[in-house]
Amino acid sequence: MEHTAHTHHQHGPGHDHGSGHGHGAASWPMAAQATLHCLTGCAVGEVLGMVVGTALGWGNLPTTLLAVALAFLFGYSLTMRGVLRAGVDLRTAVRVALAADTLSIAVMEVIDNGTILVWPSAMDATLADTLFWVSLAVSLVIAFVVTTPVNKWTIGRGKGHAVVHRYHH
């Protein structure tokens, strides 16, 4: 069984994503919370994709593609869940999730998978290997560190997770 690339993002509860009321400075805590929100959904999708692909004996490429697809799906779904609770229609919720999460998830996926790709032997680690889980955890931390400034920039411009915030009040 092959390891396959990792991709990770989370979307958790209680995510304040900025004022969304015009453009202004976004705080680091606000950006970090938006990044953790994104990292949650992505991590769920990626880990699920890696476990399924590895359990089915798929190679690195198909498992990585499944993990990335599920990272986007779970990332968007968690955002949509909160927006739908605000009473908007499904089409609007999809548009908000795409606007809020696409750049953040994409950056996380590139950093996360890139980290695993260059980590010696990580691509060949199995679910039972410590290297699989250590490389996964480290890649998530690096993805968080790199993506937080991206989210700070987008929120400060009234984009990204600032869009989601409009539906939380």
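A polar contact here is a pair of N or O atoms within 3.5 Å; within protein, one of the two must be able to donate a hydrogen and the other to accept it. Keep that in mind for the first close-up, and remember throughout that this is a predicted model.

**View 1. Asn 151 links up with two other side chains.** Asn 151 sits in helix 4, which covers residues 130-156. Its side chain pairs up with that of Thr 35 in a polar contact of 2.8 Å. The side chain of Asn 151 has another partner too: a polar contact of 3.2 Å takes it to the side chain of Ser 104. Buried or exposed, what is Asn 151? With a relative accessible area of 2%, Asn 151 falls under the 20% cut-off, so it counts as buried.

**View 2. The whole protein, for orientation.** Here's the overall layout before going back to the details. The protein has five helices and zero strands, so reading from the N terminus on simply gives α-α-α-α-α. Of its 169 residues, 47% count as buried.

**View 3. Ser 27 caps helix 1.** Ser 27 lies in the segment before helix 1 and caps the N-terminal end of that helix. What does the capping side chain reach? A side-chain oxygen of Ser 27 lies 3.1 Å from the backbone nitrogen of Met 30. Ser 27 has a relative accessible area of 30%, so it counts as partly exposed. There's also a long-range neighbour to look for: Gly 156 is 129 residues away from Ser 27 in sequence, yet their C-alpha atoms are 8.4 Å apart in space.

**View 4. Helix 1 from end to end, and the glycine that follows.** Helix 1 takes in residues 28-55. With 28 residues, helix 1 reaches 39 Å from its first C-alpha to its last, close to the 40 Å expected at 1.5 Å a residue. Just after helix 1 comes Gly 57, with a positive phi of about 75°.

**View 5. A nonpolar patch on the surface.** Which residues form this patch? They are Leu 48, Val 52, Leu 56 and Trp 58, and together they offer about 340 Å² of accessible area. Val 52 belongs to helix 1. At 31% relative accessibility, Val 52 counts as partly exposed, and that value is over the 30% a patch residue needs, so Val 52 qualifies on accessibility.

**View 6. Helix 2 and its own trailing glycine.** Helix 2 covers residues 60-85. Its 26 residues reach 37 Å between the first and last C-alpha, close to the 38 Å expected at 1.5 Å a residue. Gly 87, found just after helix 2, takes a positive phi of about 95°.

**View 7. Helix 3 has a kink.** At the start of helix 3, a side-chain oxygen of Asp 89 comes to within 3.2 Å of the backbone nitrogen of Arg 91. Where is the kink in helix 3 centred? Look at Asp 101, where the helix kinks by about 45°. As for length, helix 3 (residues 90-118) has 29 residues and should span 42 Å at 1.5 Å a residue; its end C-alpha atoms are 39 Å apart, which agrees.

**View 8. Ser 121, in the loop between helix 3 and helix 4.** Ser 121 is not a glycine, but it has a positive phi of about 70°. Most residues other than glycine have a negative phi, and that's why this loop residue gets its own close-up.

How values were computed:
Residues numbered from 1 in each chain as written. Predicted model: local features only at pLDDT ≥ 70, side-chain atom pairs only at ≥ 80, totals over all residues. Heavy atoms only, no water. Patch = residues over 30% accessible without salt bridge, like charges linked within 9 Å, V, L, I, M, F, W, Y side chains within 5 Å. Areas by Shrake-Rupley, 256 points an atom, 1.4 Å probe, with all protein chains shown as cover. Salt bridge = Lys/Arg side-chain N within 4 Å of Asp/Glu carboxyl O. Helix = DSSP H or I, 4+ residues; strand = E, 2+ residues; numbered from the N terminus. Buried < 20%, exposed > 50% of the residue type's maximum accessible area, 1.4 Å probe, protein only. Expected span 1.5 Å × (residues − 1). Bend = angle between axes of the 7 residues up to and from the residue.
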